[in-house]
Amino acid sequence: MKPLVSIVTPCYNMENKIHNYLDSILNQEYTNIELILVNDGSTDGTEKIIKKYIPQFERNGFIIKYIVQKNGGAASALKNGLNYVTGEYLMWPDADDILMNNSVGSKVDYLEKHPEYAFVRTNAYVLKSSDLEDRSNLVVKSKNLKRNNIYKECIRFKTFYCCGCYMIRWSKFLEANPEKYIFETKFGQNIQMLIPMAFKYECGYIDEPQYGYIVYEDSHSHLGGNKTYEKRIDYSRNVEKIITETMQHFPDIPQKDINIVQNDFCKRRMRIAYENGRKSDAINEYKSVTGIKKFDFTLFLMKFKRNKVIDRLLIIDDMFDIIFFQIMNRR
């Protein structure tokens, strides 16, 4: 008997998008699937569409569980859905994306053959909602995805979090996060799923894009994109809070790692401020963390056009400030 794979998906007002996702699940070559759909208080026709699909899933031999809750955000819905998981493996794709036909089966096969890894990931295609067949763009084009220890990349927001790219062993998830803890927010659930896993275990990699990240104008994933200065700063603060709240929940995670996260996001906001002509905001951001008002070297470097030399100097400056923030530890 093939292992059961649980797929938990929050859904909120997806009547114009969820059909693509549900079709991609029905088209999976691997069919021993438990699909858990959590309706996060939708006010449109999402429920009508889901109920229309339920008989198709049942005919194909899928286990399907449909849960309805009051609107609490994607993280809240995912947390609720985790209570219904009974599979050996877990995925948690978004309802407005799609899975490639071999996405579930290849991940199961990989983890069955590689017991040394607690979870596995793949790359993903970036798809336009107007043309789902255009597979010319990837989510990650240059980074080394073959690294097995991704903890530091996760907490420093320097890796990708496309939820449908990951599959985890449910038993290992419960070892890493026995309370199934998720800080309930409107977004950021993917980071929270990965941090405790990455802290304890190594991650495998399948060198084949197996997920379709669909670009919609109103997608929550674009909250940190091309927005106003205020929204970019607010997004940075929210993501920092999600990561640090998650890390603080797990006592084995050292305070020095939390300090590194705080340093990183401080520097991000300083750069956003400087890029938007807000020099005083940048200096005040540094002061809020260290208690010291100083002209940061980053501000000087940001005056110049970005190149390899400037990037290396920025890295050195970041390393210096990590040490400095550790010494000050004023938060």
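The buried residues of helix H1 are covered by elements that include strand S1, strand S2 (33–40), helix H2 and strand S5 (98–99). The residues of H1 that are buried are Ile18, Tyr21, Leu22, Ser24, Ile25 and Leu26. This is a predicted model, and the description below begins from this helix and its surroundings before passing to other parts of the chain.

One of the elements covering H1, helix H2, can be described in terms of its geometry. The axes of H1 and H2 come within 11 Å and cross at roughly 10°. The two helices are therefore roughly parallel to each other, since angles under 35 degrees count as such. On the side of H1, the contact is made by Ile18, His19, Leu22, Asp23, Ile25 and Leu26, and on the side of H2 by Ile49, Ile50, Tyr53, Gln56 and Phe57. Sorted by class, the residues of this contact comprise eight nonpolar, two polar and one charged. Among the H1 residues in this contact, Ile18, Leu22, Ile25 and Leu26 also belong to the buried set of the helix.

Strand S1, another of the elements that cover H1, contains threonine 9. With a relative accessibility of 0%, threonine 9 counts as buried. Apart from residues up to four places away in sequence, threonine 9 touches Tyr21, Ile36, Leu37, Val38, Pro93, Asp94 and Ala95. Of these partners, Tyr21 is one of the buried residues of H1, while Ile36, Leu37 and Val38 fall within the span of S2.

Between S1 (5–11) and H1 (18–26) runs a loop that holds asparagine 13. Although asparagine 13 is not a glycine, its phi is positive, at about 50°. Asparagine 13 has a relative accessible area of 27% and is thus partly exposed. A second residue with a comparable backbone feature is found elsewhere in the chain: phenylalanine 157 is not a glycine either, and its phi is positive at about 60°. Phenylalanine 157 is placed in the loop between helix H5 (151–155) and strand S8 (166–169). With a relative accessible area of 22%, phenylalanine 157 is partly exposed.

Returning to H2, which spans residues 46–59, one finds glutamate 47 in this helix. Its relative accessible area is 30%, so glutamate 47 is partly exposed. Glutamate 47 is separated from tyrosine 12 by 35 residues in sequence, and the C-alpha atoms of the two are 9.5 Å apart in space. When neighbours within four places in sequence are left aside, glutamate 47 is in contact with Asn39, Tyr66 and Val68. Of these, Asn39 lies within the span of S2.

Further along the chain, helices H8 (residues 229–249) and H9 (residues 255–275) form another packed pair, with an angle of about 175° between them and axes 10 Å apart. This angle makes H8 roughly antiparallel to H9, as angles over 145 degrees count in that way. From H8, the residues that make the contact are Tyr229, Arg232, Ile233, Ser236, Arg237, Val239, Glu240, Ile243, Thr244, Met247 and Gln248; from H9 they are Asp257, Ile258, Val261, Gln262, Phe265, Arg269, Ile272, Ala273 and Glu275. This contact of H8 with H9 consists of ten nonpolar, four polar and six charged residues.

The length of H8 can be checked against expectation. At 1.5 Å a residue, its 21 residues should span 30 Å, and the end C-alpha atoms are 31 Å apart, which agrees. The buried residues of H8 are Tyr229, Ile233, Tyr235, Ser236, Val239, Glu240, Ile242, Ile243, Thr244, Thr246 and Met247. Several of them also take part in the contact with H9, including Tyr229, Ile233, Val239 and Met247.

Arginine 306 is located in the loop between helix H11 (297–301) and helix H12 (308–328). Its relative accessibility of 46% places arginine 306 among partly exposed residues. Not counting residues up to four places away in sequence, arginine 306 touches Asp311 and Leu314, and both of these partners lie within the span of H12.

These details belong to a chain with twelve helices and ten strands. Of its 331 residues, 55% count as buried. Among contacts between residues at least 6 apart in sequence, 78% join residues at least 24 apart. The accessible surface of the chain is about 15,700 Å², and 50% of this surface belongs to carbon and sulfur atoms.

Methods
Residues numbered from 1 in each chain as written. Predicted model: local features only at pLDDT ≥ 70, side-chain atom pairs only at ≥ 80, totals over all residues. Heavy atoms only, no water. Helix = DSSP H or I, 4+ residues; strand = E, 2+ residues; numbered from the N terminus. Buried < 20%, exposed > 50% of the residue type's maximum accessible area, 1.4 Å probe, protein only. Contact = heavy atoms within 4.5 Å. Areas by Shrake-Rupley, 256 points an atom, 1.4 Å probe, with all protein chains shown as cover. Axes fitted to C-alpha atoms, helices over the stretch in contact; angles between N-to-C directions. Parallel < 35°, antiparallel > 145°, perpendicular 65-115°, else oblique. Nonpolar A, V, L, I, M, F, W, Y, C, P; charged D, E, K, R; others polar. Expected span 1.5 Å × (residues − 1).
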